[in-house]
Amino acid sequence: MVWAVGVSVYFVAVIFRTSLGVAGLDAADRFHVNASALSTFSILQLLVYAGMQIPVGLLVDRLGTKKMLTLGAVLFTIGQLGFAFSPTYGTALASRALLGCGDAMTFISVLRLGTRWFPARRGPVVAQLAGLVGMAGNLVSTLVLARLLHGVGWTAAFAGSSLAGVVVLVLMLVFLKDHPEGHQPEPFPHQGAAYVRRQIAASWREPGTRLGMWVHFTTQFPAMVFLLLWGLPFLVEAQGLSRATAGELLTLVVLSNMLVGLVYGQIVARHHAARLPLALGTVVATTVVWAATLAYPADRAPMWMLIVLCAVLGACGPASMIGFDFARPANPPERQGTASGITNMGGFVASMTTLLAVGVLLDATGGSYTVAFSAVFVLQALGLSQILRLRKQAVRRERERLVASRVETVHVPV
């Protein structure tokens, strides 16, 4: 129950985060902006999110889950409410930045909550379930908020949705606990800036942390860019679909994500060696399908190809969660938040970069989505090269840790 309350906060944060994905065209009309300015909404939100990951990781390790989730819920609720009533482009940008700040405090906190309330062997499944709940929030945004937006209008839809933040805030204040009774972790000394530097440096030195970050970087962003902003315009303007049909395809991405997340979580929990093949397989599949869709010889890709594209994009989120399965065993409990922050930063930096690149290229080419979405391949190539560079070092280091822990548990009778 405690974990469910914590995950509900992340659920609402994802609804707010992805709300612009179904309102991109409406936002362009409301604030009279072009593609580059429209992408700035999501870029700024992700810039704040990514920039907050390491500070949030450190604060979660120091202050605990409940305090961070409480602050996050307050900030993202105010941000969503401010976005509803923003009269200008500038105030809307400020609201999205505030929302991104609050959103940044949720996922790492939920991951830490899972490590406190569940045994380590369930880590991969618990993490994938958290990601699945987040995608359920995306589904609500795609289905419910989109209908509210076109039914009751901009202000009522966004202001009404902000009430969900108030609900989870109350639930959290009443029910959430950082850890089970009698399982309070040992306190760790905190010595200001020197402690912060040591935490970050120690986490970064672990090959598993860096490998986790690059796995997250390479796998997450194609689906994030598609769902967060550019999927709906691409399907409507470039592929000639209606908004209703485009919304159904976005929903398919979310449903595929939820299904694949359950499968990936079970596979990784039972077969630890499957982590890298699953991540690399997802990258290859995404690259092939994207390339086939963009290079299709006709003006518009057939519907079956768009369905395959959306189904494959659904695997990106679960694959990105595998990054945490590399970072988690590489770091002791007192560094879990910091290591998760570094890992989580990867995918959002890639998403932010691609969102900007797509917007700029669309304006520069007069709306050529083929050229604009080619930016995806550049970042995938960068991430893939880093994964291949780090994989052997990270696996060897993890194996050494496992052997050492087994030796320490052997007790020789006197």
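Two residues count as being in contact here when heavy atoms lie within 4.5 Å. By that yardstick, in this predicted model, 43 residues of domain 1 touch 50 residues of domain 2. The two domains come from the domain assignment of the protein, which puts residues 1–176 in domain 1 and residues 206–399 in domain 2. Taken over C-alpha atoms, their centres sit 20 Å apart.

How much area do domain 1 and domain 2 bury between them? The figure comes to about 4000 Å², with 71% of it on carbon and sulfur atoms. On the domain 1 side, the residues that give up the most area to domain 2 are Leu25, Leu46 and Gln128, and together they make up 16% of what that side buries.

Now for the polar side of things. Across the interface of domain 1 and domain 2 there is one salt bridge, and three residue pairs are in polar contact between the two domains, both residues of each pair being at pLDDT 80 or more. As for where the touching residues of domain 1 come from, helices H1 (2–18), H2 (24–31), H3 (35–63), H6 (107–117) and H7 (123–152) each chip in with at least two. Sorted by class, this side of domain 1 has 24 nonpolar residues, 15 polar ones and four charged ones.

Looking at the whole structure, the search turns up six salt bridges. One pair links distant parts of the chain: arginine 243 belongs to helix H12 (residues 243–270) and aspartate 26 to helix H2, with their positions 217 residues apart in sequence. In this salt bridge, the closest N and O atoms of arginine 243 and aspartate 26 are 3.2 Å apart.

Aromatic rings pair up too, with 21 such pairs in the structure. Take tyrosine 10 and phenylalanine 107: their ring centres are 4.9 Å apart and their planes meet at 40°, so the pair counts as tilted. Since tyrosine 10 is part of helix H1 and phenylalanine 107 part of helix H6, the pair ties together stretches that are 97 residues apart in sequence.

Terms used. Residues are numbered from 1 along each chain as its sequence is written. This is a predicted model: local features need pLDDT of at least 70, side-chain atom pairs count only at pLDDT 80 or more; totals for chains, interfaces and linings use all residues. Side-chain values use heavy atoms; hydrogens and water are left out. Domain bounds come from an automatic or database domain assignment. Buried area is the accessible area (1.4 Å probe) that two parts lose on being put together, summed over both. A salt bridge is a side-chain nitrogen of Lys or Arg within 4 Å of a carboxyl oxygen of Asp or Glu. A polar contact is a pair of N or O atoms within 3.5 Å; within protein, one must be able to donate a hydrogen and the other to accept it, and residues adjacent in sequence count only if both atoms are side-chain atoms. Helices (H or I, at least four residues) and strands (E, at least two) are DSSP runs, numbered from the N terminus. Ala, Val, Leu, Ile, Met, Phe, Trp, Tyr, Cys and Pro count as nonpolar, Asp, Glu, Lys and Arg as charged, and the others, Gly among them, as polar. Rings of Phe, Tyr and Trp (its six-membered ring) pair if their centres lie within 6.5 Å; planes under 30 degrees apart count as stacked, over 60 as edge-to-face and the rest as tilted.
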